[in-house]
Amino acid sequence: MVNILLDWLNLDYDYLREELGRYLKPHHCVAFVAFSFRDAEIRSPEDWELFYGREKGKYYETYRDAFASVGIPMENVTFVNYFADTPESAAEKIRSADIVYFPGGLPDRMMDRIREFRLEEVLRTFPGIMMGFSAGAMIQLGEFHVSPDDDYAEFFYYDGL
């Protein structure tokens, strides 16, 4: 497995494009695990679509442009949808991918949802490329921490992948 840890979805930066090009290929399929959302922001399938959906998702263009900058078209990107997928369908999407991508957000909630969907072993044994930014980078570690900010009242350690 190859792990790519980013601080932002900056795949299109010149200094990264060449390096990432060694790993990310236009034919690769991506399983985008959109599990890091805040409970107060995304409470329903409709809310999820407003954030990640192909037609009206707030972040869709950002992800489309980032993957396009390394040659991966959105036709090759499958979203693991917390509201629409089952643990079985989520696992199949991950197993069928070359790249598993974790977005930023809340790392502890992403790990909670990964456990809820029983995906820990599927992810730990994934043979391809695992990548993400911010929370999506943090959970790839065996243990990660959060520091006090708008989302977290105190410093705390969590188990990652």
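Helix H4, residues 87-95, has three buried residues, Ala90, Ala91 and Ile94. Around the helix axis they span an arc of only 100 degrees, which means that they sit on the same side of H4. The cover over these residues includes strand S2 (30-34), strand S3 (77-81), strand S4 (99-102) and helix H6 (120-124). Please keep in mind throughout that this is a predicted model.

There is a simple piece of helix geometry behind such one-sided patterns. An α-helix has 3.6 residues a turn, so residues three or four places apart point the same way.

Helix H2 can be read in the same spirit. Which residues of H2 are buried? They are Trp48, Phe51 and Tyr52. Seen down the axis of H2, these buried residues fall within an arc of 75 degrees, so they line one face of the helix. What lies over them includes S2, H3 and S3.

**The aromatic side chains**

The buried residues of H2 lead straight to the aromatic rings. A search of the whole structure finds 23 aromatic pairs. One of these joins Phe32 and Tyr63 in an edge-to-face arrangement, 4.5 Å centre to centre and with 75 degrees between the planes. This pair links distant parts of the chain, with Phe32 in strand S2 and Tyr63 in helix H3, 31 residues apart. Are the two partners buried or exposed? Phe32 counts as buried because its relative accessibility is 0%, and Tyr63 counts as buried because its value is 6%.

Another pair, Phe156 with Tyr158, is tilted, at 5.0 Å centre to centre and 55 degrees between the planes. Here Phe156 counts as partly exposed, at 43% relative accessibility, and Tyr158 counts as partly exposed at 23%.

Where do ring pairs build up into a cluster? They link Phe32, Trp48, Phe51, Tyr52, Tyr59, Tyr63, Phe67, Phe79 and Tyr101. The list includes Trp48, Phe51 and Tyr52, which are the buried residues of H2. It also includes both Phe32 and Tyr63, the partners of the edge-to-face pair.

**The largest pocket**

About 350 Å³ of space lies in the largest pocket. Its lining consists of 19 residues, and those nearest the centre are Tyr59, Tyr63, Gly104, Gly105 and Phe133. Helix H2 (45-52) and helix H3 (60-69) are the elements that give two or more residues to this lining. By class, the lining has 10 nonpolar, five polar and four charged residues. Tyr59 and Tyr63, listed among the residues nearest the pocket centre, are also members of the ring cluster.

**Individual residues worth a look**

Arg113 sits in helix H5, residues 107-116. This arginine is buried, with a relative accessible area of 1%. Which residues does Arg113 touch, once neighbours within four places in sequence are left aside? The contacts are Phe35, Ser36, Phe37, Asp39 and Tyr82.

Two residues stand out for their backbone angles. Arg118, in the loop between H5 and H6, has a positive phi of about 55 degrees although it is not a glycine. Ser134, in the loop between S5 and helix H7 (135-138), likewise has a positive phi, near 55 degrees, and is a residue other than glycine.

The table gathers four loop residues with their accessibility.

| Residue | Loop | Relative accessibility | Class |
|---|---|---|---|
| Glu55 | between H2 and H3 | 81% | exposed |
| Arg118 | between H5 and H6 | 56% | exposed |
| Pro127 | between H6 and strand S5 (129-133) | 71% | exposed |
| Ser134 | between S5 and helix H7 (135-138) | 35% | partly exposed |

Why does Ser134 count as partly exposed? Its relative accessible area is 35%, and the exposed class requires over 50%, while buried means under 20%.

Two of these loop residues also come with C-alpha distances. Pro127 and Ile99 are 28 residues apart in sequence, and their C-alpha atoms are 9.2 Å apart in space. Glu55 and Met1 are 54 residues apart along the chain, with 32 Å between their C-alpha atoms.

Note on methods. Residues numbered from 1 in each chain as written. Predicted model: local features only at pLDDT ≥ 70, side-chain atom pairs only at ≥ 80, totals over all residues. Heavy atoms only, no water. Buried < 20%, exposed > 50% of the residue type's maximum accessible area, 1.4 Å probe, protein only. Helix = DSSP H or I, 4+ residues; strand = E, 2+ residues; numbered from the N terminus. Arc of directions from axis to C-beta. Contact = heavy atoms within 4.5 Å. 1 Å grid on protein atoms, 1.4 Å probe; cavity = no way out; pocket = protein on both sides within 12 Å on 5 of 7 lines; lining within 4 Å. Points joined across faces, edges and corners; volume = space filled by probe spheres on them. Nonpolar A, V, L, I, M, F, W, Y, C, P; charged D, E, K, R; others polar. Phe/Tyr/Trp six-rings, centres within 6.5 Å; stacked < 30°, edge-to-face > 60°.
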